[in-house]
Amino acid sequence: MRPFVYEQPTDISAAVALASNFTTRDDQPTRANAQFIAGGTNLADYMKLGVAEPNRLLDLNRLEEQKLRQIRVTEDGIRFGALVRMGEAADHREIKERYPVIAESLHLAASGQIRNMASLAGNVLQRTRCEYFRETSWACNKRMPGSGCAAMDGFNRQHAVLGGSTACIATYHGDFAQALIALDAVVLTEGSRGARKIPFAKLHRQPGDTPHIETDLAADEIITAIEVPALPWGRRSLYLKIRDRESYAFALASAAVALDLDGETVREARIALGGVATVPWRASAAEEVLQGKKLDDASAGAAADAAFAEAQPRQHNAFKIELGKRTLVRALLETRDMKV
Amino acid sequence: MDAAAPRPKENQGEPLPRVDARLKVTGQAHYPADLPAASIAYGALATSSIARGKVTKLRLDDARAVPGVLDIVTYGDMDKIDKPKFGNSSATSIGPLHDRTIFHDGQIIALAVAETFEAAEEAAQLIRAEYEEDKPTASFDSPGTKTVAAAGKSPMFKEDVKAGDFDAAFAAAAVKIDQRYSTPTQHHNPIELFSTTAYWQGDQLVVHEPSQNVTGWKVELARQLKMDPANVRIVSPFIGGAFGSKGPMTPRTAIVAVAAKRLGRPVRCVTSRMQAFGTQTYRAETRHRIRIGAGKDGRITAFAHEGWEVTSRPDLYVVGGTSATGRMYGYGSVLTHVSLVQADRNTPGYMRSPPETPYVYALENAMDEMAVALGMDPVEFRRINEPKTEPIGKKPFSSRSLIQCYDQAAEAFGWARRDPKIGAMRDGEWLIGMGCATAIYPTAVAPCAARVRLTVDGDVRLQCGSHEIGTGVRTVAGQMASERLGVAIDKISVEMGDSSLPPAPVSGGSISTASVCSAVLKACDAIRTKLFAAATAEGGPLAGSHNEEFDLADGKIVAKSGASAKVENVLKAMQVGAIEEYAEFAPKGATPEALKKLYAGTPEFHGGEQDEDSVKYAFGAEFVEVRINRYTREIRVPRIVGAFAAGRIMNTRTARSQLMGGMIWGIGQALHEATEVDRRYARYVNRDLQDYLVPVNADIKDLQVILVPEIDHAVNPAGVKGLGELGNVGTAAAVASAVFHATGKRIRDLPIRIEQLLV
C-alpha cells in the first residue's frame, strides 16, 4: 500500500473545495489523485491490492450536515442521506413495509459487518469485483486503459452477459442499485460546478471503449442524497437474489421487481436485473411485454426472453442467460403472489 | 445436555472444555505472528506473474527508493545455502531464489524487507521482473503434460493394489457401470495467514511459524542452512487452521532466516492471502474412471479404479487413494492404477484426507450409481457388500463398525421416509433429495516422545512437541494424564508446538491423538510404577501390601483393598519434589530405527493397511438432504447426519467438533470450493475468499454427529483411531447422491453448481 494523505473535511463545501484543489476537470473519480472515502469497505481493499492508488483520501465521515445521515419517508417518497449505512436502511421499518424491494436488496448484500460500515452512496458506486480487475498482474482495460481484457477469454463465470463490450465484461455486483433503478431513483450531487440531480439510470456508464469511465460524476463531485419517488404500489415488490451459497456472495443473477396489478393483470411493472450486467440494469423491454397482460407462467417467460434478447454469452457465463430468465420468472410470480 | 458436549457412551471420554478455550476466545492465545520480537523488521514477498520461463531482469530501483526499505533478498543471495529437498518436511524441491527458472505462477522472486509492513509491501509491489516467457501447461488436457505411473514414486504409495481377475469378472458381470469423475483444485485457506518470523541469537536460529511439524522443520531448515539442528528452534504454540497446509515447510522460511541474518535483527514476513495460493501447497485436481460389475443380487464381483492427479514439473507428489478404495468393500476382484500428470504448477501437498477425499468421492458416487443400476437401496447395497476380510491382502479389519454407523445414522436421519423415486419428494417450490455415502480413513500411529512431571503440590506439567492445530490435542493429552495420574485437568499444564520439547511426529494423517496419548500414557504409567513401588517399599505408607492392585485418584494412591496414601506423602517419603518421566513410545511393528527417525524428523507411520495382523481403518456413514429450487436450481443442504466409529473417543466434545468441521468442509467440497486455473496462463484466478467460496453459517442448518461406540485394542495402546480427517470423506458423494435423487441428474464433476442443473 502506498502512503497517502488523509483529510477529514467537516462540511460538504470544504470537501468539494479540497477535491477541486487536487483534481482536474478531466480526472475520473476512480483514477484521481484525491478520492473520497466513506465506509471504506471497497476502496480500502483496493488500495491494499494496488488497484486504487489515490495519494490523498478525503474522508466524508466528519461532514457535519445531518441530512447526510437521515432517512426521510414521506408521501413524496424516500430521501436517503448519502452517509446512511446500509444496515440502517435495511432495517428501516417503513421501508421494509412500503418498499420491500429496497430493504431486501440491502439486507441480502454483503455481511452484517460490512452493512454496518458501508454508506449508501458508496454502495451504489462500488466497483466491479472482476477477478482480473482485482489483481494488478492481469491485463485489464478498466484498471489500465488499453492493456486488454484477460477476462474476455479467461475464467469469466461471474461476468456480464448484458451491457458488455469488446473491451470489458466486468459485472456490476451491487444489489441496492437494482432496486433504485427500478424505482426511478434520482441522485443528488454537489460539486465545484454546482448541484445536480442525476437520474439513477444515468449515473453509471456502460464500458463501451472506455471501461475506465465508470460513472457520470466528476472527481470533485459528492453524492449527498438518493431520492426515490413515491410508489403507492411499492408494497408489492421484492428482490430475489440467486447465488452459490446462502449468504455473503455476489448474485449470479438477481431481479428487483415491483408490480401494480389489477387482479392478475399488470397495470405497470418495474424490473431491474443484477449479477448479469455491466451496470445497474433496467429491463424496460420486459416491462413493456407485461403491460396490460395477465401475469402467468407464459407472460413471465415472454418478459424474461425479452429481458435477455440482447445477451452476449462468453465461455463460462452462458448459464447466466438461462438462470437470469428463470430468476426473473420466479421473481415475477412470487411478486404476483405476495399478500399485500 | 449441550449438543456441543455429547454424553459419553461406552469407551468415550468426558466432553471437557478445551484447556485453551478461554485463551482463544479472549485473544490471549498467541499465534506465531503474534509472538513478540524486539526491533522487528518486516518482509513482503514479490512473486512471479508467469508460470513458466526465466526471469531475465529484476528492476529493484523503485523498491529500494521506498522510504524505510532495508534490504531486498533475491537471486544470488541464497547461493550459500542448500535448496529444499522435497519430502514430508519440505513442500517442494524448488529453491525459488537459487535459480531464475520459473516453474509456476506466483513463485517467489524476491523478499523486500523494511522498517514497516506497509513499506515492505509497497516495495514488493514495485519490484518489476522481466521475463523470457514460455507457453505454460496448465492442467489435464493442456498441451505439454507428461504422464507417469505413480506407483513407487513416493514412499507413501508403493503399488497399485489388485486382486483376482478383474477383466474376466467385469466381462461376466450381469450389471455394470463404467464412469468418469473429477475433483477440482482446492486451497486450504486457513484463516491464520502463513507467516515466518526469524531471529538469530549468535549461532542459534529461532523461527516462529505456524507448523504441523516442528521437529521435521528443525532438521530440514538446519540442512538447508548447513547448521547443526541443535541450533535451530521452531516455535508454533497455536496454529489458526492448518489442514495439511502447514505440514511441509516452504522455501520462504529459509529466505526469511537469511534476511534476518543479513540485517542482524528479527524479520517477520506474513504472506498475503493471494500469495498463499502460489507459495503454499494445495489439493491438485484429480480425475477418475471407475468400473463396477455385480451380480443381480447386488454382490460386487469386479471393481476397477483408475486415478489421475496433477503435480508439478520438479516434484512427483502422489495421493493415491486407491489403497483405501480398493479395500472398502468385499469386491470379488480389484484392479487399480494411479497416474501423475505433470504441468507447470506449484507442487501440491497434503490437504485434509489427501487420498480419501477425491478417491472416495469417486467411489461413493459410483456406488450410488451402481445401486440405481441395480434398483437397490444404496444402504442395502453397501450392507450386501460388507466384507469379512479386506479384499487385497485378505487380512481382517482390526475393527469395522460401518454397518452400525449406517444403521444409527439412517435411523436418526429418517432414511425410511425416503421415497426412492426420482423427484418424488417436494416441499412447495423446492425439490428434496436424500443421499448417503461411506467415510473411511486409515488408522495410523507413529513414534512419539513426551515428558510428564508430577510435583509434590499435585501439579502436572506435560511437554510434547506436537501441535495444537485446533483439534484439541492439548486437551486430550491433558485428559490422558488426568486419568492416569488422578489429577484434575485444571492442575495440568500442557506445552506443545516447540521443537525444543520432546519430539512428536508431524500432525498429519490423523495420528496425533493416538501417538501423543500413547506416549503420555507411557510416561504416566512410569510415574505410577515409581509411586506404587515407593508407597509399598519398606517404611512406605502402604508397606506390606505387595500383591495389591493400585490406582491413582484425587491425589491419592488407592489400593483395591481400600487402603490409600496421599501422593504428596509418598513423594515426601521419597525425599523428592517431583517425579518426572520422559517416555518414548514406539508402535507395534516399529523398526529398530523408529525412535532415531522420530528425532530426525522423519517418523515411521504404522497401521492402515501396512500391518501384518490386520488392516486398521475408522469408518462412518453420512446422510444428507438437499433442497433445490424448481426454477432457479440453487442447491442447499438443510440437513446432514453423520455417524462415526473411531475406537476410544478421548473427548466427545473435541471429537464432535472435528467431525462436524469435516462434514461442513465436505458440503463445501460438494457445492462451493474450487480454485479456478486460467488455462491460457496456468495461473490461479480466484485467489481470495471473495471468490474462493466456502460454506458460511447460513449454509449450515441442522447438523448431527453420532459417535458410535467401538473398542479396538489392536490399533495402539491408547485404543484411539484418528478422526480428524474422517468427517469430510464421502460427504460430497452423499450430496451428489441426494442431488440425483432430487433431479435425476448425475453430477460427476465437483463442485456441483447451479449451471449443471439448469441444462
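So, the lining of the second largest pocket: seven of its residues are nonpolar, 10 are polar and 12 are charged. Bear in mind, everyone, that this is a predicted model. The pocket itself has a volume of about 890 Å³. In total 29 residues line it, and the ones nearest its centre are Phe155(A) and His316(A) from one chain, with Glu676(B), Val677(B) and Arg679(B) from the other. If you want to find it by secondary structure, look on chain B for β9 (175–183), β14 (286–294), β30 (677–678) and α18, which are the elements that give two or more residues to this lining.

Okay, from the open space to the enclosed ones. How many cavities of 30 Å³ or more does the structure hold? Nine. Inside the largest cavity there's about 140 Å³ of space. Thirteen residues line that one, and closest to its centre you'll see Thr92(B), His104(B), Pro251(B), Gly278(B) and Thr279(B). As for the character of this lining, I get five nonpolar residues, eight polar and no charged. Set that beside the second largest pocket, where 12 lining residues are charged.

Now the interface. On the chain B side 38 residues are in contact, and they meet 36 residues of chain A. About 3300 Å² is buried between the two chains, with carbon and sulfur atoms giving 54% of that. Which three residues supply the most of what chain B buries here? Those are Tyr631(B), Gln690(B) and Leu758(B), and together they supply 18% of the area that chain B buries against chain A.

What about polar pairing across that boundary? The rule finds 21 residue pairs in polar contact between chain B and chain A, counting pairs with both residues at pLDDT 80 or more. On the chain B side, the elements giving two or more residues are α3 (117–126), β31 (683–684) and α18 (754–758). Of the elements there, α3(B) gives the most, with four residues. Sorted by type, the chain B side comes out as 13 nonpolar, seven polar and 18 charged.

With charges in the picture, here's the general point: side chains of opposite charge can pair when their charged atoms come close. Between chain B and chain A the count is six salt bridges. If you'd like one to click on, try Asp688(B) with Arg134(A), where N to O is 2.6 Å.

Over all chains the count comes to 82 salt bridges. One I'd like to show you sits within chain A: Arg157(A) pairs with Asp244(A), and their closest N and O atoms are 2.8 Å apart. Why pick that one? Arg157(A) is in the loop between α8 (131–134) and α9 (176–182) of chain A, while Asp244(A) is in the loop between β9 (237–242) and β10 (253–262), so the pair ties together parts that are 87 residues apart in sequence.

Last bit, two backbone details on chain B. There's a cis peptide bond joining Leu750(B) and Pro751(B), with omega at about -10°. Pro751(B) sits in the loop between α17 (731–743) and α18 of chain B. And α18, remember, turned up both in the pocket lining and on the side that touches chain A. The other detail is Asp141(B), which has a positive phi of about 70° although it isn't a glycine. You'll find Asp141(B) in the loop between β6 (128–133) and β7 (146–149) of chain B.

Key. Residues are numbered from 1 along each chain as its sequence is written. Chains are lettered from A and ligands numbered from 1 in the order in which they are written. Side-chain values use heavy atoms; hydrogens and water are left out. Contact means heavy atoms within 4.5 Å. Buried area is the accessible area (1.4 Å probe) that two parts lose on being put together, summed over both. A salt bridge is a side-chain nitrogen of Lys or Arg within 4 Å of a carboxyl oxygen of Asp or Glu. A polar contact is a pair of N or O atoms within 3.5 Å; within protein, one must be able to donate a hydrogen and the other to accept it, and residues adjacent in sequence count only if both atoms are side-chain atoms. Ala, Val, Leu, Ile, Met, Phe, Trp, Tyr, Cys and Pro count as nonpolar, Asp, Glu, Lys and Arg as charged, and the others, Gly among them, as polar. On a 1 Å grid over the protein atoms alone, a cavity is a set of points where a 1.4 Å probe fits but cannot get out, and a pocket is an open set with protein on both sides within 12 Å along at least five of seven lines; lining residues have an atom within 4 Å of a point. Grid points are joined across faces, edges and corners, and a volume is the space filled by probe spheres set on the points.
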